[in-house]
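I opened this one at the bench computer with a coffee and a list of things to look up. Here are my notes, in the order that I made them.

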Amino acid sequence: MMKLLNLMTLALCVISYSANADLQALDDSELSSATGEGLGFAIEDFILDTETSELAVTGIRSSAGDDIDIKWTKLYVMGEGSQSGTIKTPGQIGSYNHPYVIRSVRGSGGLDPSDPSYDARYANIGNDLALLEFATDSYSSSLQNSETFGTFSYYQGCIWGEPGCDNLSDVGSNGVAVQAIEAEIQVLTDTRDQIAATYAIDLAPLESSIELYYTSDIVPLETKVQAEQQDYDQAVAELLVRQDDMSDAFDFFDQNFPDNDCQVGEECSNADANCPLFGGASCRDARDAYNVEFGEYDEQVGVRQDEYNQLILARKDLDGAKTDPNKFTAANGSYIEAVENVEEFRVLCGVETNEFATCGEGLIARKGRTRDGVRDVSLALFNGGQRRGGLDIGASFEFVVDAVDANGTSSQRTDYIDINMKGLFVDGTSLRLWSAPDEEGVDEINAEIRLNLFIKELDISVCDPFVCGADPVAKEASTLNLDNLFISLNLGYGETQPMRLSATSDGNFQFELTKLRPGPDVDQNDQNSMQAFYDGYYENSPKSFISISDVRIGSGPDASLGRTTVDGLRAQYLKVTSRDL
Amino acid sequence: MKTTRQLVYALPLLISPFASAEMRAIDDMGLSQVAGQGGVYLSGEFAINKSGGPLWENGERPYYSLVDHDNNSSTPAIPTIDGSRSPDQCENGICGLRFAIKLNENSEGWYILDDVSGGLAFEGLTLQTETLTSAINYDVWDSSGNFQQLEIDDEVLKIGLPGVIRFNNLKFKFAVANNGEFGVDPEDDNGNPLMQPVDPAAPGGAMEVVQYRQTDIFGVELDGNVTVQGNLLLFPVD
């Protein structure tokens, strides 16, 4: 019981911290008591249902400035299988063995990995800082881990456990999902093999040849193109000056002697000038003056054309040096192909390797690890493994908005939105908060978010329930279905790139993912140490991704819009500020 | 039953920040009477500013300018009601509670939970300690897919959710403002009105007083019965 009481004290501490909001750095004696133990909690048999109660969302305004009346007609949180909240199914939020946790813990930055208090999760937050962590349940098996299961579901292409997607012959070590990701990996390895087979020399000599060829052949031709371009630009500028002079001379002639049949841009003959025989000297002078300007213009047209031809020739030479396989003699194929191939090989096999035969930490290796996870899940399902139940969450809203018809008559219209999430999981999610001085030395709250959200099925319907309630076909036709939606959102990377929340002086909220902050151990004036810092950031900082195995509107044969994936999102800097409209 | 006694001491501490209105600390006598019971059964109702709070009992909230009463800029200016700005009219003449929080020391704005009013009532919130004898390990299962049941002997605090919570026009607004206090123009470090350039593009030009501004992000209103079932387990983790 003493342990429980300690727990209470901890809970109180937690509450008071969040109320103060400004987390202070702890002194040594306080830090020594932050040992990583925490308050675990779980909710058994949870049901939340607003049923007949009235909820409303206020404060949302239309473009005319009027409050939009939003009725929140339904909100439920239940266990999976609730049939859109109609059957009260108890849901489990965490469990004793896999609890949600609130804990206060020291950062592990600067500690030796062999140190007993070292924890890789907190390695980017200094050991002198205490952080407050809120974490959801976590699982060691690939089947229960929603990240691996979400990836498996994406490749399997259907919601496992639903009719038509529960055949044991579709899973196992060579199941549908495993084959799908193997096929992707095969395409990548084929590309890699093809690149390697193209060259008789190895990667390192090829790269040196590329560099050498660039300096000896490409650079002089690029310089020549630049020079020719300058000459051409000058010729064009001169042509424009002469064209203006010619136009001015013509305008003078034409306005004073409008009887002429001459055209600007052509020589003006005696006959066309129509100058009077007697007393026409000034007319003839004006005509002659125009003809002189025309002659100079005409001459410059020829000069410009010559410069143009020379520029095109120089460009062709440069292009030839890049694309002609006979000119880049160091290896098979052209210079530009070699550059592209080396770049692609680096993407596939990582930047460390120097030979085609070695494929290191690149896309192929990463996909391979994803494949291992997918295979684990597929095998577990084949061997009778079951996925634990998730949560069903849903909400419905009614909006009353002003609608203006074609005649300008304004009337009130009610719009509906009905959101149902079936089988929602958030395991592996965490929020970490700590206090650190900003650029001006003032303490501020920093945060790091790891959000893992997996939803087996997300349906968003916009149909009037009085129409669609009785007509499932009509409801389905106006429903957007997302299957196996998995969102892994990773914002913030320890002290290197914390996330911060603030508010502006004009009353708007601000969310910022700071610019990268090299720590005190990085010499910012040294190129190599900055390079190492950036390499470390790109290699280790987590990326965000989203995958959806099927996007469908309605249920017809061509209702599917296919699968979607957004991979490798990472923000170097992000700032979001709200605006009052 | 020492266990329960300690538990009951701890309980009002936990709840007090939220619901001090209707709860009373139990004296020693009272405590001695709960000994021997397996847990605590709680019913409660609390209401916040249901008929308007003491600060704004006339149903409207005025705006204040900072006025330098003694012509001395080294002493703080005093907030004075600004008649030129028409007061904020609270809904149905009831101004709710306001809770403001500044996340960072140098942040210029505040996050606000504004206009909190209404009430909620529940019956049957239970609180007891329970010794768990088994727990499911979802990471291990047998060939028929049954999850492993671990045998344990650990004490947890179990809070039985009440089943139904009755909301009585409970409402709140979430907003962001440039001062924690409603309607008062923000002040600088010396307590004088905060100034800003009239034209932000020309920082050296004429200055004006920064007026109080609040942006309501959204509000929620709740009325009626909401089903909230389940057991919340609390326990220490390593």
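**Entry 1: chain B, overall**

I began with contacts in chain B, where two residues are in contact if their C-beta atoms, placed from the backbone, lie within 7 Å. Among those with a separation of 6 or more, 71% are between residues 24 or more positions apart. A note to self on the source: this is a predicted model, in which local features need pLDDT of at least 70 and side-chain atom pairs count only at pLDDT 80 or more, while totals for chains, interfaces and linings use all residues. Residues are numbered from 1 along each chain as its sequence is written, and chains are lettered from A and ligands numbered from 1 in the order in which they are written.

Next I listed the elements, taking helices (H or I, at least four residues) and strands (E, at least two) as DSSP runs numbered from the N terminus. Chain B has two helices and twelve strands, and its order along the sequence is α-α-β-β-β-β-β-β-β-β-β-β-β-β.

For burial I count other C-beta atoms within 10 Å of a residue's own, placed from the backbone: 20 or more is buried, 12 or fewer is exposed, and in between is partly exposed. By that count, 23% of the 238 residues of chain B are buried.

**Entry 2: strand β12 of chain B and its partners**

Which strands pair with β12(B)? I call two strands paired if DSSP finds at least two bridges between them. Strand β9 (residues 163–177) of chain B runs antiparallel to β12(B), with 13 bridges. In one of the pairs I looked up, B:L170 has B:L222 as its bridge partner. Strand β8 (residues 147–160) of chain B is also antiparallel to β12(B), over four bridges, and there B:I159 is matched with B:L232.

I then found that β12 (residues 214–237) of chain B also pairs across the chains: five bridges join it to β2(A), again antiparallel. A:L55 stands opposite B:L222, and A:A56 stands opposite B:E221. I was pleased to meet B:L222 in both lists, facing B:L170 and A:L55.

**Entry 3: the contact between the chains**

How many residues does each chain give to the contact? Chain A gives 68 residues and chain B gives 64. On the side of chain A, the elements with two or more residues are α1 (2–20), β1 (35–49), β2 (54–58), β10 (443–461) and β12 (499–503). β1(A) has the largest share, 13 residues.

I sorted that side of chain A by residue type: 29 are nonpolar, 24 polar and 15 charged. Here Ala, Val, Leu, Ile, Met, Phe, Trp, Tyr, Cys and Pro count as nonpolar, Asp, Glu, Lys and Arg as charged, and the others, Gly among them, as polar.

**Entry 4: cores**

A nonpolar core here is a set of buried Ala, Val, Leu, Ile, Met, Phe, Trp, Tyr and Cys residues joined through C-beta atoms within 7 Å. The largest has 53 residues, and A:A42, A:V77, A:V374 and A:V377 have the most contacts inside it. β1(A) gives the most to this core, seven residues. Another core, of 20 residues, lies apart from it and includes A:V105, A:W434, A:A436 and A:A503.

I also listed what A:V377 touches, leaving out residues up to four places away in sequence: A:S142, A:L143, A:T148, A:F149 and A:F152.

**Entry 5: helix α4 of chain A**

I took the span of α4 (residues 176–198) of chain A. Its 23 residues reach 33 Å from first C-alpha to last, close to the 33 Å expected, where the expected span is 1.5 Å times one less than the number of residues. Its buried residues are A:A177, A:V178, A:I181, A:R192 and A:I195, and they pack against α3 (146–156), α8 (335–349) and α9 (363–382) of chain A.

**Entry 6: a few single residues in chain B**

Two asparagines have a positive phi of about 50°: B:N71 and B:N169. B:N71 is in the loop between β3 and β4 and counts as exposed because 6 other C-beta atoms lie within 10 Å. B:N169 sits in strand β9 and is partly exposed, with 18.

B:T75 is in the loop between β3 (64–67) and β4 (78–81). Its C-alpha is 7.1 Å from that of B:N190, 115 residues apart along the chain.
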